[in-house]
Amino acid sequence: MSPFSPEDIPRIGNDPDVFADFYVEHLELVQRFVARRVSDPHLAADLTAEVFLGAIDSARSYRPDRGTPAAWLIGVARNVINAEFRRMARERAIARRISGRRLLDSDSLAAIEARIDAERETRRLYEALATLSPKDRALMELVAVDGLSVSEAAAVLGVKPGTARVRLHRSRARVQSHLLPEAAICKEVSP
């Protein structure tokens, strides 16, 4: 067995002997890297194989001036493992969505739909509040939700009470203008 040369990396996909040298020299490195990130031995074996397949696929992109073959291979391993973690996360998300739907009977689904319908106006309000700047939204919440006076809210935000009154007046007008178009449409449609 000859020592592996960095100049041989582009040949690992075409020459079985070159790949064998590369594999033997780097197998333990890849196995340790994978084992530090995965606890299932079957998955670790699969990912180790995927790393070497990824190395074969990207061998032509190796540039010796950017680092050693080991460092390049760790980059390949990192990409393979990250792709696997993303795949697993997608599968878990799909399983959660599917299992959640299976657990709902028609009565539960109707109750959730009723709650969503009942909170429609609140969602519209949140959408309207989202059009405000963070400072104006904070002022509006301190006064409308937390029950502070305009002077108290001004003190919390570090502004003058007069400034707070003007900002609050403008914010209320902006929120109302966001909410009124749908209310006006509803009035035109209703008898």
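This section describes the helical architecture, the buried residues and the nonpolar cores of a predicted model.

The protein contains eight helices and zero strands, and its elements accordingly follow the order α-α-α-α-α-α-α-α from the N terminus. Of its 191 residues, 25% count as buried. The exposed surface amounts to about 13200 Å², of which carbon and sulfur atoms supply 57%. Among contacts between residues at least 6 apart in sequence, 52% join residues at least 24 apart.

Helix 1 spans residues 16–35 and bends by about 50 degrees at histidine 26. At the start of this helix, a side-chain oxygen of aspartate 15 lies within 3.0 Å of the backbone nitrogen of aspartate 17. The buried residues of helix 1 comprise Val18, Asp21, Phe22, His26, Leu27, Val30, Phe33 and Val34. Histidine 26, the site of the bend, is thus itself one of the buried residues of the helix.

In soluble globular proteins, nonpolar side chains tend to be buried together. The largest nonpolar core of the model has 23 residues, and the members that touch the most others are Phe22, Val34, Leu47, Val51, Trp72 and Leu73. Two or more residues of this core are given by each of helix 1, helix 2 (41–58) and helix 3. A second core, separate from the one just described, has 13 residues, including Ala128, Leu132, Leu139 and Ala154.

Leucine 47, listed above among the core members with the most contacts to other members, was examined further. Leaving aside neighbours within four places in sequence, leucine 47 is in contact with Val34, Val38, Val80, Ile81 and Glu84. Of these partners, Val34 is also among the core residues that touch the most other members.

Glutamate 84 is located in helix 3, which covers residues 69–103. Its relative accessibility is 12%, and because residues under 20% are classed as buried, glutamate 84 counts as buried. When residues up to four places away in sequence are not counted, glutamate 84 touches Leu43 and Leu47.

Helix 5 (residues 120–129) has Arg124, Ala128 and Leu129 as its buried residues. Viewed down the helix axis, these residues fall within an arc of 140 degrees and therefore line one face of helix 5. An α-helix has 3.6 residues a turn, so residues three or four places apart point the same way. Ala128, buried in helix 5, also belongs to the second core.

How values were computed:
Residues are numbered from 1 along each chain as its sequence is written. This is a predicted model: local features need pLDDT of at least 70, side-chain atom pairs count only at pLDDT 80 or more; totals for chains, interfaces and linings use all residues. Side-chain values use heavy atoms; hydrogens and water are left out. Helices (H or I, at least four residues) and strands (E, at least two) are DSSP runs, numbered from the N terminus. Buried means under 20% relative accessible area, exposed over 50%, partly exposed in between (1.4 Å probe, protein chains only). Contact means heavy atoms within 4.5 Å. Accessible areas come from the Shrake-Rupley method with a 1.4 Å probe; for residues, only the protein chains shown count as cover. The bend at a residue is the angle between axes fitted to the seven residues ending there and the seven starting there. A polar contact is a pair of N or O atoms within 3.5 Å; within protein, one must be able to donate a hydrogen and the other to accept it, and residues adjacent in sequence count only if both atoms are side-chain atoms. The arc is that of the directions from the helix axis to the C-beta atoms. A nonpolar core is a set of buried Ala, Val, Leu, Ile, Met, Phe, Trp, Tyr and Cys residues joined through side-chain atoms within 4.5 Å.
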